[in-house]
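Q: Could you take me through one part of this model in detail, and then show me how it ties in with the rest? I'd like a single connected walk rather than a list.

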Amino acid sequence: MYKRVLLKLSGEALAAGKGFGIDAVFIHKIAAEIAAVHAAGCEIAIVVGGGNFFRGVAQQAIDMDRVAADHMGMLSTVINAIALQDAIEKLGLFCRVMSAIEMHQVAEPYIRRRAMRHLEKRRIVIFAAGTGNPYFSTDTAASLRAMEIKADVLLKATSVDGIYSADPKLDPTATKYEEISYMDILKLNLRVMDQTAVSLLKDNNLPSIVFSMKVPGNIVRVVNGEKLGSLIIP
Ligand code: UDP
C-alpha cells in the first residue's frame, strides 16, 4: 500500500456529469472515499482542478487576456477546494486548504514545510489555485506538489478508466494501455495530461496511475495497490 499519495481530481469530476458546478451528492461520496484511504493509514494530499467553473483556454474566455482568464481558472479551483474541505470535515477529519495565491481569510498560503507537517500530523491537505501561475494547468500543479511532498505516486482520477490509444468515446477500436512510459505518452501525443506535467514527472521519476473515479471504491482500491486503470512508469 502507498504511504503518501497525491490525488488529482479534475473539476469535471466534481460536476459528476452535470458539466458545470459541484454535484452536492457526489462530493460527499468522494469525501467518504478519501476518508477511507485516510483511515487505512495513507497520507493524502489533493490537487483539485477548476474546469467545472472556468478554464483559461475555454471558449467563454476567447476574447479575454489569457492571464486574466487563467486567474479566473485558478480561483475556480479554490471554490472546489473549499467545497471538498467542507465535505471532508463533515466526516470528522482534519483538512487544510493551502492556496498558491494568497487569500488569508479563505485558505492558508502554500508553504511546503507546513504542508509536510500537516501530512505528518495526519491532516488531509488540499492544494488550491494550481501553481499560482498563468499558462499552467492543475495537472502540472499536481505533478509539482507530488514531488515537493515526496508522494509515492500521483493518482489521477478521471472519467475514463485509463489511457487509451485514441479517445474511446469517439473511436471504438481504441485500446487501453495497462502500462505505458512517459516517453511513449509524449511520442504518441496522448492527451492524458499536458506535456509540461508529463515531462516533470518523467524527469523526476515519479510514477502515476490514471483511473476512473466513476466506480465507487476505486480510490481505495488503487491506494491498496490493486491494478486499476493505467500505470505510467518513468
Ligand atoms: N490554471 C492556471 N495555472 C495553474 C493551474 C490552473 O492558470 O497552475 C488555470 C487555467 O486557466 C486552467 C484553470 O485554472 O484552465 C483550471 O484548471 P484545469 O483546467 O487544470 O482544471 P481541470 O481540467 O483539472 O478541472
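A: **Starting from strand β10**

Strand β10 (residues 208-212) and β11 are antiparallel partners, joined by three bridges. Before going on, keep in mind that this is a predicted model. In that pairing, S208 sits opposite I232 of β11. I232 has another partner to look at: I180 also stands opposite it. I180 belongs to the pairing between strand β9 (residues 179-181) and strand β11 (residues 230-233), which runs in the parallel sense, again over three bridges. So β11 has β10 as an antiparallel partner and β9 as a parallel one.

Now zoom in on F211, which is in strand β10. Is F211 buried or exposed? F211 is buried, because it has 24 other C-beta atoms within 10 Å, and 20 are enough to count as buried. Leaving out neighbours up to four places away in sequence, its contacts are A157, D161, G162, N218, V222, L228 and G229. G229 deserves a second glance: F211 and G229 are 18 residues apart along the chain, but their C-alpha atoms are separated by just 4.2 Å.

**From β10 to T158**

Strand β10 also leads us to T158, a residue of strand β6 (residues 153-158). Setting aside residues up to four places away in sequence, T158 touches S10, V210, S212 and M213. T158 counts as buried because it has 20 C-beta neighbours inside 10 Å, and 20 is exactly where the buried class begins.

T158 brings in an annotation too. The unreviewed UniProt entry lists a "binding site" that covers K8, L9, S10, G11, G51, R55, T158, Y164 and D167. These positions spread over 160 residues of sequence and are spread in space as well, with up to 24.0 Å between C-alpha atoms.

L9, another of those annotated positions, lies in strand β1 (residues 4-9). L9 is buried because 26 C-beta neighbours fall inside 10 Å, and the cut-off is 20. Beyond its neighbours within four places in sequence, L9 is in contact with L14, I30, I46, V48, G49 and A157. A157 is a handy link here, since A157 is also on the contact list of F211.

**On to the other annotated set**

The unreviewed UniProt entry also lists G50, D70, T131, G132, N133, P134, Y135, F136, S137 and T138 under "binding site". They span 89 residues in sequence, yet no two of their C-alpha atoms are more than 14.1 Å apart, so they gather at one spot.

Take two of them. T131 is in the loop between β5 (124-128) and α5 (138-148), and T138 is in helix α5. T131 is buried, with 22 other C-beta atoms within 10 Å; T138 is buried too, with 30. Apart from residues up to four places away in sequence, T131 touches A100, F136, T140, A141 and L144. With the same exclusion, T138 touches K8, V47, V48, G49, G50, T77 and G130. The two annotated sets meet in that list: K8 is in the set with L9 and T158, while G50 is in the set with T138.

**Around the ligand**

Which residues are closest to the ligand? There are 24 residues surrounding it, and the closest are G49, G51, G56, G73 and G130. G49 and G130 have already turned up as contacts of T138. α1 (11-15), α3 (66-89) and α5 each supply at least two residues of this shell, and α3 gives the most, with six. By type, the shell divides into six nonpolar, 14 polar and four charged residues.

**Stepping back**

The protein chain as a whole has eight helices and 11 strands. Its radius of gyration is 17 Å, close to the 17 Å that the globule rule gives for 234 residues, so the chain is as compact as a globular protein of that length. Its C-alpha atoms fill a box of roughly 50 × 45 × 35 Å along the principal axes. Buried residues such as F211 make up 45% of the 234 residues. As for how the chain comes together, of the contacts with a separation of 6 or more, 71% are between residues 24 or more positions apart.

How values were computed: Residues numbered from 1 in each chain as written. Predicted model: local features only at pLDDT ≥ 70, side-chain atom pairs only at ≥ 80, totals over all residues. UniProt positions renumbered as here; feature names shortened; annotations may be inferred. Helix = DSSP H or I, 4+ residues; strand = E, 2+ residues; numbered from the N terminus. Buried ≥ 20, exposed ≤ 12 C-beta atoms within 10 Å, placed from the backbone. Contact = placed C-beta atoms within 7 Å. Pairing = 2+ DSSP bridges. Rg over C-alpha atoms; globule rule 2.2 N^0.38 Å. Near = placed C-beta within 6 Å. Nonpolar A, V, L, I, M, F, W, Y, C, P; charged D, E, K, R; others polar.
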